Each structure stands twice: as C-alpha cells, then as structure tokens.
Amino acid sequence: MPDLPTPQNAAEAALLSECWDAVLSYADLCTSGSAAATLLATEAFTHGIDELRAATAASKTTGTGRRALRLPRIPLLLASVRTVAGAWETNGFGHRLDPDLRLWLHSDKAARYIGPPLHRPLALRGLRDMQEPDAVLLWLAEVESLPLSAVARRLGLDPAAASSELAQVRALFRDRCHRNHIDTPMDAYCRSYARLLDAVTRSPTAETPEDLSRHLARCVECAEAAACLRLHGGGLPAALSSGVIGWGGLAYLERRRRAAEAGMIGGRTDAAVDTGLNEGKPVRPRIGRTGILVTAVLVSALALTVSLMPFGGSKGGGVSAAQGESTDGQSVADPGPSFPSGSESGSVSESGSGSGSRSAGSPSVADSTSRPAGNSDPEAQGESSSPAGKQGGTKGSTKSASPDCRVKYEIVSEWPDGFQATVTVTSTKALATWSLGWSFKDGQRVGQMWDGTFTQNDSHVTATAADYNKTVAANGTFTFGFLGSWTGSNSPARNFTLNTASCQAAG
C-alpha cells in the first residue's frame with residue numbers, strides 16, 4: 001500500500017491532520033471493505049496533495065499574489081476519492097468498490113463531473129466560484145456540521161460575528177448559483193421557469209405554484225437549482241454535499257453530522273489550526289488520531305464494565321441507565337471511517353456499537369415506568385441474566401406482551417419528489433445480526449441506503465446489517481439511513497419487524 005505524502009510545510013501537516021478522517025469516511029462509503037477504504041483514501045490524499053501543490057506553484061508563477069478559484073480543501077480531496085475510484089474501475093480494480101458506485105461511474109450522472117463546465121452540477125460550480133475563505137466557511141459549517149464557534153476559531157473569525165458572516169456567505173453562494181443557473185444551456189421550457197424559480201426560492205413564505213412543482217419533479221437540473229437557491233428550510237447541506245461530492249454525498253453528510261454530534265471528528269471541534277488560508281501562522285499542537293483511538297478503546301472498556309453491572313442485582317438496571325446517559329454521545333457515532341487503519345476501524349466500529357447499547361439503557365428504563373412497578377425490574381433482570389432466553393423461567397418471558405424492540409423512524413428532510421430518513425432501533429435482546437422490515441403506505445421507494453443494505457418488494461422493505469454493525473448488545477441500538485422517493489403523500493413507515501418479530505414504533 002502506498003504511503004501518504006510527506007508534508008512539505010506546516011500547512012500540509014495541518015491538512016493531513018484535519019482532513020484525513022473526512023477522506024477516509026467517504027472512501028469507506030465507496031469501497032467494499034476497510035482495507036480497500038484505507039488504500040483508496042491514501043491514493044486519493046496523495047492525488048489531492050499533488051493537485052494542491054501544482055495549483056500553489058501555478059499561482060506563484062503568475063505573480064498575482066491571488067490564488068485561482070477552486071474548491072475548498074476537504075471537498076477537493078473528496079473529489080480526489082471519486083477520481084481515484086474511477087481510475088480503479090478503468091484499470092480493473094473495480095471489485096474493490098461498492099457495486100452501486102460502479103454502476104454510477106458508468107452513468108450520465110458521473111459524466112457530468114468531467115464533462116463541459118456549464119453542464120456540471122450547480123452546487124459544484126457555485127462553490128468553485130467563491131473565494132476560498134468564504135467557501136471553506138460554508139463547507140465546514142454546512143456539510144462538516146462543525147459548531148460555528150469551532151469554525152470561527154479555525155478561520156480566525158470573530159466568534160460574535162461568525163453567524164452574520166455565515167449568513168452573508170450563504171447569500172453569496174446563492175448569488176453564484178443563480179448566475180450559473182442563468183448561464184446554463186437549457187431548453188425554452190426550463191428557461192421559462194427561471195425567474196419564477198428565483199422568486200419562489202427567495203421567500204420562506206412563498207408557495208410553489210403547482211405547475212412549477214410538477215416541473216421540478218421531472219427536471220433534474222431545475223430541481224438542483226431549487227435546492228441551491230432555497231436557503232431556508234434546512235436543505236442547503238444536502239444540496240452542497242450531493243452536488244459537490246456526487247455519489248454517496250448525502251450518506252457522507254449524515255456520517256459527518258453523526259460524527260460531529262458525538263465528538264468523533266478528530267481534531268476538529270477544538271482545533272484552531274490554520275489550514276493554509278493564513279499560512280504565516282504557526283501550527284498549534286493537535287490531538288492526533290492515535291489519541292482518539294485510545295479514547296474510543298477506553299470508552300468501549302467502560303461500556304463493557306457497565307453492561308456487566310445488572311447481573312449483580314435489581315439495582316443494576318438503574319446504574320446501567322445512569323451510565324447510558326454519560327455515554328449517549330457515542331451511540332450515534334460512526335467511528336469506522338475515522339481512523340486510517342483498516343483493522344482499527346473495525347475494532348472501533350464494534351466499540352461504537354457497544355457504547356450505543358449503553359445509551360439505550362436510559363430509554364428502556366424510562367419506558368418501564370409506564371408498566372406496573374412490580375413488573376419492570378423482573379423483566380429487565382430476566383432479559384439480562386438469561387442469554388439463551390429459555391432458562392430464565394417462563395414467567396419472565398410471558399409476563400409482558402410488549403415487543404422486544406422499538407423503532408424510531410424520522411424523516412430528516414423532504415423535497416418535492418424525494419426524502420431522507422433515519423431509522424434507529426433499540427433491541428432488548430442481544431443480536432448476532434439484524435434484519436429490519438417495514439411497509440410503506442404510499443408506495444415510497446428506497447433508492448440508496450447507508451450503514452445497511454436493502455431489498456424492496458412492492459411496498460415492503462427489508463434492511464439488513466452491514467459487516468461492521470451486525471452485532472448488537474442487549475438493550476443496544478443501531479442506526480441506518482436511506483434516501484427515498486415519493487409521489488402524492490409520504491406517510492411514515494409502519495409494520496416494523498426485527499428478525500421477523502414484531503417491533504414497536506416509537507411515538
């Protein structure tokens with residue numbers, strides 16, 4: 001496996017420290033295993049560094065003192081992942097890639113990223129047309145999901161003014177996208193909607209006319225424009241990630257959001273290191289990825305200790321719940337893509353599942369309060385002390401008719417013909433693997449899924465575990481997300497089953 005390029009200066013060293021986990025996270029989505037993900041990320045990082053060095057040398061040669069407009073560093077490196085993946089497919093190494101990505105690489109969607117500039121995705125063109133400091137601010141805040149205070153420290157902004165700066169940058173991005181949309185070659189029918197689309201997306205209270213809504217449901221380019229021009233409604237991160245990254249963009253966005261919420265993005269939320277925008281500043285010390293790995297291992301060990309406590313008596317359930325609250329931040333993390341070693345990412349993924357199981361302790365105890373007080377403790381002890389489920393007595397297994405799992409189905413975002421959803425499942429029993437089924441009422445179709453695979457037969461969908469998240473501890477949780485399409489109505493999913501057993505939908 002090739003080595004990462006040796007940093008030539010402090011800016012490149014900071015770039016490696018800050019961007020590696022993002023590159024590896026996307027590479028993990030693009031490949032069929034952790035070893036292939038590390039190899040793809042390494043080659044992509046090398047390709048991206050070479051491109052940055054060439055661009056820097058070219059700007060110095062011109063003597064203008066101003067860099068050429070280009071993508072910010074993280075999306076530039078993510079684009080390198082896509083480029084290297086395409087080279088793998090061309091050179092006979094496509095078996096290392098995700099099958100859906102291989103199909104995408106041979107489609108017209110992939111061709112847009114290397115085709116004529118005026119036909120490339122609007123978000124990609126709009127972000128590239130911005131000055132780099134503005135583009136970096138927008139990307140870190142919207143796609144990487146970093147707290148605005150952390151973004152301000154990294155970019156040397158006044159924290160008090162960071163919010164207004166971000167609002168101005170959002171407006172600037174909209175302006176760039178609007179100009180690019182007008183300049184895009186389009187047929188007369190699409191152009192007739194251009195002014196109306198601009199007017200409708202400017203106001204958060206404006207209603208979309210029915211004919212425009214029908215047009216957006218059929219025209220990909222105009223739908224992309226609507227997503228980029230509509231700054232309200234929370235759709236900007238999805239427009240940026242899907243337009244700039246391409247395949248897997250929304251899945252990457254979800255991973256970064258979950259990682260940021262759990263504090264698992266290495267060296268990000270507490271970093272004030274310059275990334276090359278102000279290269280004269282000294283680089284401050286950072287916590288490396290090894291330190292993050294050690295922390296993850298310690299959290300895993302703590303979670304294992306907590307999981308053993310209920311075996312000591314009826315009071316253990318309360319202790320487990322209290323510990324579950326302290327480790328709640330780990331339950332939504334996706335630690336697999338946060339480390340450069342394939343073997344390390346596998347071990348941390350399992351520890352993430354373990355810590356996730358502790359976070360479910362609190363909801364399970366809270367749920368038990370709705371049952372008679374005399375029943376809640378024996379049920380919890382019966383499940384935790386009888387792994388086989390047969391020697392704990394028939395009384396504990398038949399006392400309650402409540403399902404062994406709870407499902408939280410959440411529609412994260414929705415647009416005229418599609419939506420993004422997240423599914424979180426809590427199982428009272430330990431699972432060696434899982435398969436979650438459900439039915440759609442309104443004929444929705446699943447198009448892409450992350451942290452799992454799916455099959456769909458008419459209205460019934462079955463999601464199965466990925467290799468890295470199939471094991472679930474007792475009272476543990478697992479989460480996956482997907483993109484879907486809908487027409488007419490988009491009612492929540494129903495009739496959930498976990499490994500063919502009925503599962504209760506959370507309110």
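Me: A residue counts as buried when its relative accessible area is under 20%, as exposed when that area is over 50%, and as partly exposed in between. How should I read this for Cys-405: is Cys-405 buried or exposed?

Reply: Please keep in mind first that this is a predicted model. The general step is to compare the relative accessible area of a residue with the cut-off of 20%. Cys-405 has a relative accessible area of 4%, so Cys-405 is buried. Cys-503, at 6% relative accessibility, counts as buried too.

Me: How many disulfides does a search of the whole structure find, and which residues form a disulfide?

Reply: To recognise a disulfide, one looks for two cysteine sulfur atoms within 2.5 Å. A search of the whole structure yields one disulfide. Its partners are Cys-405 and Cys-503, whose sulfur atoms lie 1.7 Å apart.

Me: Which parts does the pair of Cys-405 and Cys-503 tie together?

Reply: One locates each partner in its element. Cys-405 belongs to strand S1 (residues 405–415), while Cys-503 sits in the loop between strand S9 (501–502) and strand S10 (504–505); the pair therefore ties together parts that are 98 residues apart in sequence.

Me: Why is there no bond between Cys-190 and Cys-219?

Reply: The same kind of test applies, with the cut-off of 2.5 Å. The cysteine sulfur closest to that of Cys-190 is in Cys-219, at 3.7 Å, so the two are too far apart for a bond. Cys-190 itself is buried, because its relative accessibility is 9%. Cys-30 is another buried cysteine, with a relative accessible area of 0%.

Me: How many helices and strands are in the protein chain, and what share of its residues is buried?

Reply: Such totals describe the chain as a whole. The protein chain has 22 helices and ten strands. Of its 507 residues, 46% are buried. Among contacts with a separation of 6 or more, 72% join residues 24 or more positions apart. The chain exposes about 23400 Å², of which carbon and sulfur atoms supply 54%.

Me: How many residues of helix H7 are buried, and what covers them?

Reply: For a helix, one counts its buried residues and then asks which elements touch them. Helix H7 (residues 132–142) is mostly covered, with nine of its eleven residues buried. Among them are Val-136, Leu-138, Trp-139 and Glu-142. The cover includes helix H3 (73–90), helix H6 (122–128), H8, H9, helix H14 (236–245) and helix H15 (249–261).

Me: What should I notice in H8 and in H9?

Reply: In helix H8 (residues 148–155), the buried residues are Ala-150, Val-151, Ala-152, Arg-154 and Leu-155. Just after H8, Gly-156 has a positive phi of about 70°. Helix H9 (residues 162–183) contains Ala-167, which is partly exposed at a relative accessible area of 42%. Ala-167 and Leu-138 are 29 residues apart in sequence, and their C-alpha atoms are 9.3 Å apart in space.

Me: How much space lies in the second largest pocket, and which residues are closest to its centre?

Reply: A pocket may be described by its volume and by its lining. The second largest pocket holds about 1600 Å³ of space. It is lined by 49 residues, and those closest to its centre are Glu-224, Ser-242, Leu-250, Trp-415 and Leu-483. Helix H13 (residues 220–229) supplies the largest share of the lining, with seven residues. By type, the lining divides into 22 nonpolar, 16 polar and eleven charged residues.

Methods: Residues are numbered from 1 along each chain as its sequence is written. This is a predicted model: local features need pLDDT of at least 70, side-chain atom pairs count only at pLDDT 80 or more; totals for chains, interfaces and linings use all residues. Side-chain values use heavy atoms; hydrogens and water are left out. On a 1 Å grid over the protein atoms alone, a cavity is a set of points where a 1.4 Å probe fits but cannot get out, and a pocket is an open set with protein on both sides within 12 Å along at least five of seven lines; lining residues have an atom within 4 Å of a point. Grid points are joined across faces, edges and corners, and a volume is the space filled by probe spheres set on the points. Helices (H or I, at least four residues) and strands (E, at least two) are DSSP runs, numbered from the N terminus. Ala, Val, Leu, Ile, Met, Phe, Trp, Tyr, Cys and Pro count as nonpolar, Asp, Glu, Lys and Arg as charged, and the others, Gly among them, as polar. Buried means under 20% relative accessible area, exposed over 50%, partly exposed in between (1.4 Å probe, protein chains only). Contact means heavy atoms within 4.5 Å. Accessible areas come from the Shrake-Rupley method with a 1.4 Å probe; for residues, only the protein chains shown count as cover.
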